[in-house]
Amino acid sequence: MLPDTVKTRGLHAGVRFAPQAMLDKQHKKQFQLKANEGFDWQRQEYAEKTWRLTTPQSEGDPRSHLKMTLQPDAVNFEDSFPIGSLELYYDNLKLALDVIADVFNPRLIMETGIVIRLSAQSDLEDARIYLGKHCLNLDDRLEPLGRPVHGVGLKMLLPPLPGEGKPKWQAVIKVESLLEDVRQLFIEVEARWGNPIPWNTETVVDHVKTAHEFATGQVTDFLKKLGTSL
């Protein structure tokens with residue numbers, strides 16, 4: 001993997017909280033007023049159990065958008081194909097979580113899930129060959145399938161560890177050839193913290209920072225070292 005080609009494809013923070021939010025008419029009005037402070041939501045959907053606010057970005061990838069989704073016990077804030085800096089995402093995430101805090105007054109964060117999506121150039125011109133032949137040593141062992149392989153990937157689960165200074169969060173790492181561009185690797189890190197804590201916006205932001213640093217640090221170092229024996 002070529003480290004200087006790493007690009008961010010998505011940043012996603014999800015928080016499951018308690019007590020549950022009442023998605024009724026009274027809170028809807030408060031939510032609408034507060035949610036539009038600092039955001040320009042262009043599409044708003046209010047179903048019985050799910051409220052969703054979306055705005056496409058005028059620049060960058062056509063798939064680029066911000067999205068906030070609220071359910072009675074969870075809120076998700078996503079920046080797909082971001083056009084701004086990482087710091088801007090942190091600021092927007094704080095604003096989104098402050099909306100929930102001001103309108104619904106959650107007391108506990110029951111669980112936090114963070115997803116970091118990246119892409120990077122493979123060491124070889126074809127990421128399928130890089131992953132399948134070089135990293136996984138599949139070679140001719142694919143012959144029993146009797147069909148060509150259009151996508152190759154690997155998945156690893158890293159559990160939380162006991163002890164002082166050890167990571168207390170779970171990580172699921174996916175590395176795949178990017179179907180839309182076979183020269184590229186798709187990298188996804190899903191980090192999860194499962195211990196209930198008092199509601200704290202800064203803690204959620206810190207979790208995003210931890211997951212992003214892990215994805216762009218340890219995970220990319222791991223992939224870089226896989227290419228050293230080419």
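**Exercise 1. Determine how strands β8 and β9 pair and how they are linked.**

Solution. Strand β8 (residues 170-177) and β9 are paired antiparallel over eight bridges. Pairing requires that DSSP find at least two bridges between two strands. Strands here are DSSP runs of E with at least two residues, and helices are runs of H or I with at least four, both numbered from the N terminus. Within this pair, Ile173 has Val189 of β9 as its bridge partner. The connection from β8 to β9 is a hairpin through six residues.

The model is predicted: local features need pLDDT of at least 70, side-chain atom pairs count only at pLDDT 80 or more, and totals for chains, interfaces and linings use all residues. Residues are numbered from 1 along each chain as its sequence is written, and side-chain values use heavy atoms, with hydrogens and water left out.

**Exercise 2. Identify which strand β6 is joined to, and explain why β9 is described as largely enclosed.**

Solution. Strand β6 (residues 108-121) runs antiparallel to β9, with 10 bridges between them. Arg117 lies opposite Glu188 of β9. Because eight of the 10 residues of β9 (residues 184-193) are buried, this strand is largely enclosed by the rest of the structure. Buried denotes under 20% relative accessible area, with a 1.4 Å probe and protein chains only.

**Exercise 3. List the contacts of Phe104 beyond its neighbours within four places in sequence.**

Solution. Contact means heavy atoms within 4.5 Å. With those neighbours set aside, Phe104 contacts Ala21, Met22, Leu23, His27, Phe31, Trp51 and Leu70.

How values were computed:
Buried < 20%, exposed > 50% of the residue type's maximum accessible area, 1.4 Å probe, protein only.
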